[in-house]
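Hi,

Here is the structure I promised to pass on. Have a look at it first, and my notes follow below.

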Amino acid sequence: MGEMGKMAAAVGSVATLAAEPGEDAFRKLFRFYRQSRPGTVDLGGVIDFSVAHAARGTGPGAHKVVKSHLNVSSVSDHDAYRAGLQPVSKWRAYGLQGYPGYQWHWVKQCLKLYSQKPNVCNLDKHMTTEETQDLWEQSKECLRYKEVNKRRPRSLLEKLRWVTLGYHYNWDNKKYSADHYTPFPSDLAFLSEQVAAACGFQGFRAEAGILNYYRLDSTLGIHVDKSELDHSKPLLSFSFGQSAIFLLGGLKRDEAPTPMFLHSGDIMVMSGFSRLLNHAVPRVLPSLEGESLPCCLETPLPADLPRDSVVEPCSVEDWQVCASYLKTARVNMTVRQVLAIGQDFPLELMEENKRDITPEGSCHLDDENSQVK
């Protein structure tokens, strides 16, 4: 079946899906892709930015894809290399009409470094600080030999669902505060500043991060990221590991969302009008070749990194652990600027957070073992 046929079949499948009582257009499509079958026409209507024809607008839905302009001169090639990025002139950037090789380092940081204290994670709710002190050290041997012993209990890293950085998001009152803060990782801040600058947002400050750790049965519920006090700055999203279906909707949930793939190495920038749109991840897609890594993750860091590079070589032993984890998982980093230049948190917000701070909070990343929302 050709691409046009696949897309038409997928659109038809969605149209024939009976809506549940009180179900809005976004929830209906979320449920459709949550139940979708990889490798079938179910995914024919999902925009794939890695395929050349997507930018040319072939097929239903693909007409929304347009090439986006990047500010090439705002980031020097040297600074791009320092952040583990290709020169901006080599980036392929796309936008949607209607909506105004250095991955090893970042994967290792998410699993080995950013998961450490004093950063906050979902495991804090049921475990002491001592028990969650170094998830990597407690999990690496278990993950390294995962394929040998498939009946083993899950490691702590495999139970990890989210980590917060910088201004720590309070899952209970959905707010940030000045007194719930730890230093933001300097390497991730530098990466974020370069990406933001290339997209025309010079002066972006990385102040808060939420890292989501998806298993193959995980979903991310329908939501809007509006807790930051300055919405004029973009939200940056970095994806690693298995691919996912991302749904980008409108200001209201009765607007049907646009589905698109997010592959390993993809960067999404939500800015302007799209900054406050509904979005969700209904499905993480297992590899059609069994438990395997995307081919883009097979290439290690080059040996000739700049002397002032913020990315570091990853040892064979460390990558063995990361690769084992990513064969059945997806990691997503989102970075935000919380405050405008010169802005402070309102006094009443700071007092409210003093009364309401609970580092464990409620996890918005759902899977069959964690259905809290």
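**What I found**

Glutamate 207 is buried, at 11% relative accessible area (buried is under 20%, exposed over 50% and partly exposed in between, with a 1.4 Å probe and protein chains only). Its side chain meets that of arginine 205 in a salt bridge, 3.2 Å from N to O; the term covers a side-chain nitrogen of Lys or Arg within 4 Å of a carboxyl oxygen of Asp or Glu. Arginine 205 has a relative accessible area of 29%, so arginine 205 is partly exposed.

Before I go on, some small print. This is a predicted model, in which local features need pLDDT of at least 70 and side-chain atom pairs count only at pLDDT 80 or more, while totals for chains, interfaces and linings use all residues. Residues are numbered from 1 along each chain as its sequence is written, and side-chain values use heavy atoms, with hydrogens and water left out.

**More salt bridges**

The whole structure has 15 salt bridges. Another one pairs the side chains of aspartate 308 and arginine 82, at 3.5 Å from N to O. Here aspartate 308 is partly exposed, because its relative accessibility is 34%, and arginine 82 counts as buried at 19%.

Then there is arginine 336 with aspartate 225, whose closest N and O atoms are 3.3 Å apart. These two come from distant parts of the chain, 111 residues apart: arginine 336 sits in strand E12 (residues 329–336), and aspartate 225 in the loop between strands E6 (219–223) and E7 (235–241). Both arginine 336 and aspartate 225 are buried. Through shared partners, salt bridges tie Asp225, Glu228, Arg275 and Arg336 into one network.

**A helix pair**

How do helices H5 and H9 pack? H5 (residues 103–113) and H9 (residues 316–326) meet at an angle of about 80°, and their axes are 10 Å apart. That makes them roughly perpendicular (65 to 115 degrees). On the H5 side the contact (heavy atoms within 4.5 Å) involves Trp104, Val107, Lys108, Leu111 and Lys112, and on the H9 side Asp318, Trp319, Cys322, Tyr325 and Leu326. Seven of these residues are nonpolar, three are charged and none is polar.

**The chain overall**

The chain has ten helices and 13 strands (DSSP runs of at least four residues for helices and at least two for strands). Of its 373 residues, 54% count as buried.

Cheers

Key
Axes fitted to C-alpha atoms, helices over the stretch in contact; angles between N-to-C directions. Parallel < 35°, antiparallel > 145°, perpendicular 65-115°, else oblique. Nonpolar A, V, L, I, M, F, W, Y, C, P; charged D, E, K, R; others polar.
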